[in-house]
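Colleague: Can you take me through this model? I'd like to start with the aromatic side chains and then look at a pocket.

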Amino acid sequence: MSAEQPGQRRLYYSARKHGVEPLTIQETKELFVSAYKALDGLFLEAFGVRGSRGRIADPKAYFLIHTRKKDLWPPANIIFPHFSEDDLFDVIEVLHDVVSIPRGDGWNGEYDFDKEGGQIRYRDAMNEFLPQYGDGWELSPEGYVLACGPEGLKDLLAEDPPFQSVTNVGDKVNSAITRFRRHGASAEDKMVAVRDLIDAFEHQRSQAEKVLTEKDAADLFHIANRFGIRHNNPGQQKDYDPDIFHEWLFYYYLAALRACARLLHKESLPSFEEET
């Protein structure tokens, strides 16, 4: 199973018939400990093994510096009741930054280390169980624990970005997706993510209007301006549930961006990544 398609596994008879209950936090912590122990060799460079010292001489201090939390090391402690969801996800993200695959025979302690390969293997292991916990989570290629998204919209998040090359607009869209899905994202984070998607759309409005009617394009921005996302006008509607409306607006504008990108490609027109 690939880390880039987490949670895609065969369902057996009872699961197909009755469905599957999400993993609890305790079950998830125990699965993490099991996975960590199975991946022990991938932390040779960082922490050393069996008395040998890795490049991180004091792991407890390392975790304290990077998370501002005490007692996150050793990872086996994750099974203790005082470890929260935040603690678990912090540890998962920190370990993604330091994992690597040792290459060579280790003669005289000499190894080469493959960081990218180690991160791929580590993500695969984490994404065996994270999508089954709670509402569903995944460890992204950038090392962030992100929400998988609501059922029916997960495929929209999994699609390739609508930008084939790195541009300011493309960066803004991809950054907005990460900001919205990141664990612990606040209402303000999600509003900023929605605003960035709308700004990206407006920056490319002239191209979007090549495959949309002028009225349809105008309606897209009319919705955004009604809900006080970008401007602070007296007539804007601000008495709404941000959790519900920000999620709706986020997927609405992400779907619109992707739809326009596909339409431009279908019509052999310049795509969004070509700055205007």
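Modeller: What follows covers aromatic pairs, charges over rings and one pocket.
Modeller: This is a predicted model, in which local features need pLDDT of at least 70 and side-chain atom pairs count only at pLDDT 80 or more, while totals for chains, interfaces and linings use all residues. Residues are numbered from 1 along each chain as its sequence is written, and side-chain values use heavy atoms, with hydrogens and water left out.

Colleague: How many aromatic pairs does a search of the whole structure find?
Modeller: The search gives 17; rings of Phe, Tyr and Trp (its six-membered ring) pair if their centres lie within 6.5 Å, and planes under 30 degrees apart count as stacked, over 60 as edge-to-face and the rest as tilted. Tyr36 and Phe43 make a tilted pair, at 5.0 Å centre to centre and 35° between the planes.

Colleague: What about Phe180 and Tyr251?
Modeller: Their ring centres are 6.2 Å apart and the planes are at 80°, so that pair is edge-to-face. Phe180 is in helix H8 and Tyr251 in helix H12, so the pair ties together parts 71 residues apart in sequence (helices are DSSP runs of H or I, at least four residues, numbered from the N terminus).

Colleague: Which residue lies over the face of Phe180?
Modeller: Lys190, at 5.2 Å from the ring centre; the test is NZ of Lys or CZ of Arg within 6 Å of the ring centre and within 35 degrees of the ring normal. Arg182 lies over the face of Tyr144, at 4.1 Å.

Colleague: Switching topic, how many disulfides are there?
Modeller: Zero, where a disulfide is a pair of cysteine sulfur atoms within 2.5 Å.

How values were computed:
Helix = DSSP H or I, 4+ residues; strand = E, 2+ residues; numbered from the N terminus.
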